[in-house]
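User: Please take a close look at one part of this model: the place where protein and DNA touch. Then set that part in the context of how the protein chains meet.

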There are 2 protein chains.
Amino acid sequence: MAIKAKPRMRVDQERLVEAAADLVNRNGLDNLSMNELALALGVRTPSLYSHVEGLDDVRRLLALRGLENLDRYIARAALGKSSDAAVRAIFLAFRELALASPGVYAAALPTAPRGDREWNAAKDQVTKTILTVLSGYGLEGDEEIHVLRGLRSIAHGFVSLETSGALKNPVDRDESYEWLIGAFLTSLNELKKSKRKTRKGGGKS
Amino acid sequence: MAIKAKPRMRVDQERLVEAAADLVNRNGLDNLSMNELALALGVRTPSLYSHVEGLDDVRRLLALRGLENLDRYIARAALGKSSDAAVRAIFLAFRELALASPGVYAAALPTAPRGDREWNAAKDQVTKTILTVLSGYGLEGDEEIHVLRGLRSIAHGFVSLETSGALKNPVDRDESYEWLIGAFLTSLNELKKSKRKTRKGGGKS
DNA sequence: TTCATTTTCCTAATATGATTAGGCTGGAGA
DNA sequence: TCTCCAGCCTAATCATATTAGGAAAATGAA
């Protein structure tokens, strides 16, 4: 009379992070707890410690996943496009991904701890991908960094206001974002143009 | 032989919030705890509950203080300046204040809970102040909201990257911010200009 | 298959931080 | 001086993270 054998839950890190991602996307990063996570996985809380070091580790893994997703996503979006089209694609992809998984996005934001190679590398990879796209503009010296920061500020700023529910006005948010992208591109091309002039004319002021 | 009388600490909400502000500016909003706060005030932890409802309440009070400071600060910065100068002043004041008190700034970011009149009003007040400055540009319809969102996105985006330590590159951050402000102003004036044309020419498309 | 090893789960215990309960007291005002 | 209360305290409760130590399933070699 077959006693119901206790079915092992076969949690592994992959599954765990998956479940954590679901939870944070639904309930927000701040509400992630080991208890909820264990519940979602059908396992007692201490069992999680076989797979991760603790809550911080879960958040770190979410950050890694978020950064990897982001890099892959924007790289693909920009693929085969040039200059303005590519930059625009990055902006749109960034927002799309963040809106689709706001919790994971939030997890990816914090600064990586000094010593954490892997986390820092994941951040650098995203930066590199963006810089590759910007390289088409022939920016010189610090300009590249200014522009990179500008792109990040705009994308992150808009999206984080949006995901935090700060943009309550019914006015279409897509249009607002487009306006910002337009402003960014205008100034970026201005930079490019002035460069051409400079090259012909003489030294820069 | 005068037994040392136990000196009452005379905590009040004002002092409490003051101390909390110091702590979060030094240690980050996430590390604020009732224990630390009580310690800073020279009082046992449960005593704090005479003055605030709990940790959430402390954070709420910090948010209120942050928003009030912000409104006052940017209003003053823009005072007596017109158009571009005023907008630029707002951008700079925003960043200056946030860098000077990053913890309080972080506290001011979260969305106010639905029912909280006071908190929502404080946010609205900041919005209104900015809109007043933007009113000089004669924006029409949704444009005003797009521009407002743009300003907030840029200021918040840049500053939150900066305070979270994300801008590690040695390149001068002031210049990066200036580049962004420039981009914003350029597009804002473009909007204004096109309006003049439109007004002469005919209806808007 | 059988047995030893490893993995993964469990219960029980500990630690820390928030919060509540309830009592004591200094000091303001009658 | 007496009364009363705001504001402090200790003790207790609760929730969550984490550790300790043990049992059983899974794995893999003989």
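Analyst: The side chain of Y49(B) has an N or O atom 2.8 Å from a phosphate oxygen of DNA strand C. The model is a predicted one.

Two residues of chain A also reach the phosphates of this strand. S47(A) places a polar side-chain atom 2.5 Å from a phosphate oxygen of DNA strand C. For H51(A), a polar side-chain atom again lies 2.5 Å from a phosphate oxygen of DNA strand C.

S47(A), H51(A) and Y49(B) are among the residues that come nearest to the strand, and R44(A) and L55(B) complete that group. In total, 18 residues lie around DNA strand C. Of the strand atoms that come within 4 Å of the protein, 68% belong to sugar and phosphate. By class, the surface near DNA strand C has 7 nonpolar, 7 polar and 4 charged residues.

Now DNA strand D. It is surrounded by 19 residues. The closest are Y49(A) and L55(A) from one chain, with R44(B), S47(B) and H51(B) from the other. Sugar and phosphate make up 69% of the atoms of DNA strand D within 4 Å of the protein. The nearby surface divides into 7 nonpolar, 7 polar and 5 charged residues.

Polar contacts to DNA strand D involve side chain and backbone. In the side chain of H51(B), an N or O atom is 2.7 Å from a phosphate oxygen of DNA strand D. M34(A) uses a polar backbone atom, 3.0 Å from a phosphate oxygen of the strand. N35(A) has a backbone N or O atom 3.3 Å from a phosphate oxygen of DNA strand D.

Next, the contact between the protein chains. Here 36 residues of chain A touch 36 residues of chain B. Together the two chains bury about 3,100 Å², with 60% of that on carbon and sulfur atoms. On the chain A side, H146(A), R149(A) and W179(A) supply 24% of the area buried against chain B, more than any other three residues.

One helix pair belongs to this contact. Helix α7 of chain A and helix α7 of chain B each span residues 143-163. Their axes come within 7 Å and cross at roughly 105°. An angle from 65 to 115 degrees counts as roughly perpendicular, so α7(A) and α7(B) are roughly perpendicular to each other. The contact of α7(A) with α7(B) has 6 nonpolar, 8 polar and 2 charged residues. From α7(A) come R152(A), S153(A), I154(A), H156(A), G157(A), F158(A), S160(A) and L161(A). They meet R152(B), S153(B), I154(B), H156(B), G157(B), F158(B), S160(B) and L161(B) in α7(B).

How values were computed
Residues numbered from 1 in each chain as written. Chains lettered and ligands numbered in written order. Predicted model: local features only at pLDDT ≥ 70, side-chain atom pairs only at ≥ 80, totals over all residues. Heavy atoms only, no water. Axes fitted to C-alpha atoms, helices over the stretch in contact; angles between N-to-C directions. Helix = DSSP H or I, 4+ residues; strand = E, 2+ residues; numbered from the N terminus. Parallel < 35°, antiparallel > 145°, perpendicular 65-115°, else oblique. Contact = heavy atoms within 4.5 Å. Nonpolar A, V, L, I, M, F, W, Y, C, P; charged D, E, K, R; others polar. Near = heavy atom within 4 Å. Polar contact = N/O pair within 3.5 Å; in protein donor to acceptor, adjacent residues only side chain to side chain. Buried area = accessible area lost by both parts, 1.4 Å probe.
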